[in-house]
Amino acid sequence: MSNWFQDQIVDPGRLPLFLCLLAFVATFLTTRTITRMIRAGRGPFRNNVSESGIHVHHAVPGVVILIAGAFIAVGSGRADGWAEIAGILVGVGTSLVLDEFALILRLDDVYWSEEGRLSIQMVSLAVAVLGLTVLGLNPFQLSEENGADLAALAGTFVVLALHIALVLILVAKGRYAVALVGAFVPLVSIIVAPQIARPGSRWATRRYGADKMERATRRARRFDRRYGRHTLSVVDFLGGTPDPTAERPQTLEPPPAGSSLDDVR
C-alpha cells in the first residue's frame, strides 16, 4: 500500500490533489453532521445566529478559505509544502461553498428544501472529478510521443476538440452526470451524446418541436420512475431528508416600467 501511494500519488506530484480530496470529503461530512445537529436542536451549534441577528452561512468562510488557498497556490511557486497547504485550503473552502450551492444559485435559504438536493449533487460531482484526477485520468494530457510529432499533435487536438464538443452537447442536453463520466471516458460521450435530451434542457427547448418534446418527456419520466428514487435515496442519506413544509423559492418578477428602486422597496 505504501509503495502504491508513493508511486501513484507522491512521485507523480498528485499529493496536493489527494489532500484536497481528503479535506473536501472530511469538511463535507463534518459540515453535514453539524447542520443536522442544528436542525435537530442538539449540540453546541444550535444557536448559530449572531448577536446582530445575522446568520452567517458557511459558504461565507468557505469563500474566504478558498481564496486564501488560491493565493497560496499562485504565490508560493514550487516552495516545499505550500502546494499541499493550498490543496487542503482549497478542499475545505470548495466543500463549504458547494454545500450551499443551491442557496447561492437561488439566492434563498433552500438548504433543507427539495431544491437543496442540488448542493449534494454538486458535491458528488466534485468528489468524482477530484477522485478521477487523483487516479491520473486526465483527458487533456498529451503523451510525449504525440507532443514530438506535429501531425500526431494536430490529430490529438482534433480528437480533443471533438471530445469537448460531445461533452458540451451532453451538458446542453441536461445529461450532467453522464457528461462528467464522458469527460474522462470518451466512449460514454460517443454513445450517449446522440440520444434524446432531457425535456427541460437548453437543447430540447430550442430544437425540439411538440412531438419530439413529448417523446423526450415520456423517456425522462420512464427513466426517473426506474432510477430516480434510488438516486434521491442516496442524496437524502448523504445530505438529510428535505423538509416537505419548506416553501419553494419564489421567482422574482421585474419591477414595473418607470418605477424606482425606492418604489419597489
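Helices here are DSSP runs of H or I with at least four residues, numbered from the N terminus. The exercises below concern a predicted model.

**Exercise 1. The loop between α5 and α6**

Task: Determine where serine 113 lies, whether serine 113 is buried or exposed, and what its side chain reaches.

Solution.
Step 1. Serine 113 belongs to the loop that connects α5 and α6.
Step 2. Its relative accessibility is 4%, and a residue is buried when the value is under 20%. Serine 113 therefore counts as buried.
Step 3. The side chain of serine 113 reaches the backbone oxygen of valine 110 at 2.9 Å.
Step 4. Leucine 107 is found in that loop between α5 and α6 too. With a relative accessible area of 76%, leucine 107 is exposed, because the cut-off for this class is over 50%. Although leucine 107 is not a glycine, its phi is positive, at about 55°.

**Exercise 2. The surroundings of leucine 103**

Task: Place leucine 103 in its element, classify its accessibility, and list what leucine 103 touches beyond four places in sequence.

Solution.
Step 1. Leucine 103 sits in helix α5, which covers residues 101-106.
Step 2. A relative accessibility of 14% is under the 20% limit, so leucine 103 counts as buried.
Step 3. Once residues up to four places away are set aside, leucine 103 touches His57, Asp108, Asp109 and Val110.
Step 4. Leucine 118 is 15 residues from leucine 103 in sequence, and the two C-alpha atoms are 9.3 Å apart.

**Exercise 3. The geometry of helix α6**

Task: Test whether the end-to-end distance of helix α6 agrees with its number of residues, then state which of its residues are buried.

Solution.
Step 1. Helix α6 runs over residues 117-134 and has 18 residues.
Step 2. The expected span is 1.5 Å times one less than the number of residues. For α6 this gives 26 Å.
Step 3. The end C-alpha atoms of α6 are 26 Å apart, which agrees with the expected span.
Step 4. The buried residues of α6 include Arg117, Ser119, Ile120, Val123, Ala126, Leu130 and Val134. In an α-helix, residues three or four places apart point the same way, because there are 3.6 residues a turn.
Step 5. Valine 129 also lies in α6, but at 32% relative accessibility valine 129 counts as partly exposed. Apart from neighbours within four places, valine 129 is in contact with Leu180 and Phe184. Valine 129 and leucine 21 are 108 residues apart in sequence, with 9.5 Å between their C-alpha atoms.
Step 6. Glycine 136 follows α6 and has a positive phi, near 95°.

**Exercise 4. Two salt bridges**

Task: How many salt bridges are counted, and which parts of the chain does the pair of aspartate 99 and arginine 32 tie together?

Solution.
Step 1. The count comes to 2 salt bridges, the rule being a nitrogen-to-oxygen distance within 4 Å.
Step 2. One of them joins the side chains of aspartate 99 and arginine 32 at 2.8 Å, N to O. Aspartate 99 is in the loop between α4 and α5, whereas arginine 32 is in helix α2 (residues 15-40), so the pair ties together parts 67 residues apart in sequence. Both aspartate 99 and arginine 32 are buried.
Step 3. Glutamate 214 and arginine 218 form a salt bridge as well, at 3.5 Å, N to O. Both residues lie in helix α12 (residues 210-239), 4 residues apart, about one turn of the helix.
Step 4. Glutamate 214 has a relative accessible area of 46% and is partly exposed. Arginine 218, at 45%, is partly exposed too.

**Exercise 5. A nonpolar patch and the whole protein**

Task: Identify the residues of the nonpolar surface patch and the helix that supplies its largest share, then describe the protein as a whole.

Solution.
Step 1. The patch is formed by Val181, Val185, Leu187, Ile190 and Ile191, which together have about 440 Å² of accessible area.
Step 2. Helix α10 (residues 186-192) gives the largest share, 3 residues.
Step 3. Valine 181 is found in helix α9 (residues 176-184) and, at 40% relative accessibility, counts as partly exposed.
Step 4. The protein has 13 helices and 0 strands. Of its 265 residues, 28% are buried.
Step 5. The protein exposes about 17400 Å², of which carbon and sulfur atoms supply 63%.
Step 6. Among contacts between residues at least 6 apart in sequence, 59% join residues at least 24 apart.

Conventions: Residues are numbered from 1 along each chain as its sequence is written. This is a predicted model: local features need pLDDT of at least 70, side-chain atom pairs count only at pLDDT 80 or more; totals for chains, interfaces and linings use all residues. Side-chain values use heavy atoms; hydrogens and water are left out. Buried means under 20% relative accessible area, exposed over 50%, partly exposed in between (1.4 Å probe, protein chains only). Contact means heavy atoms within 4.5 Å. A polar contact is a pair of N or O atoms within 3.5 Å; within protein, one must be able to donate a hydrogen and the other to accept it, and residues adjacent in sequence count only if both atoms are side-chain atoms. Patches are made of residues with over 30% relative accessible area and no salt bridge: like charges are joined within 9 Å, nonpolar side chains (Val, Leu, Ile, Met, Phe, Trp, Tyr) within 5 Å. Accessible areas come from the Shrake-Rupley method with a 1.4 Å probe; for residues, only the protein chains shown count as cover.
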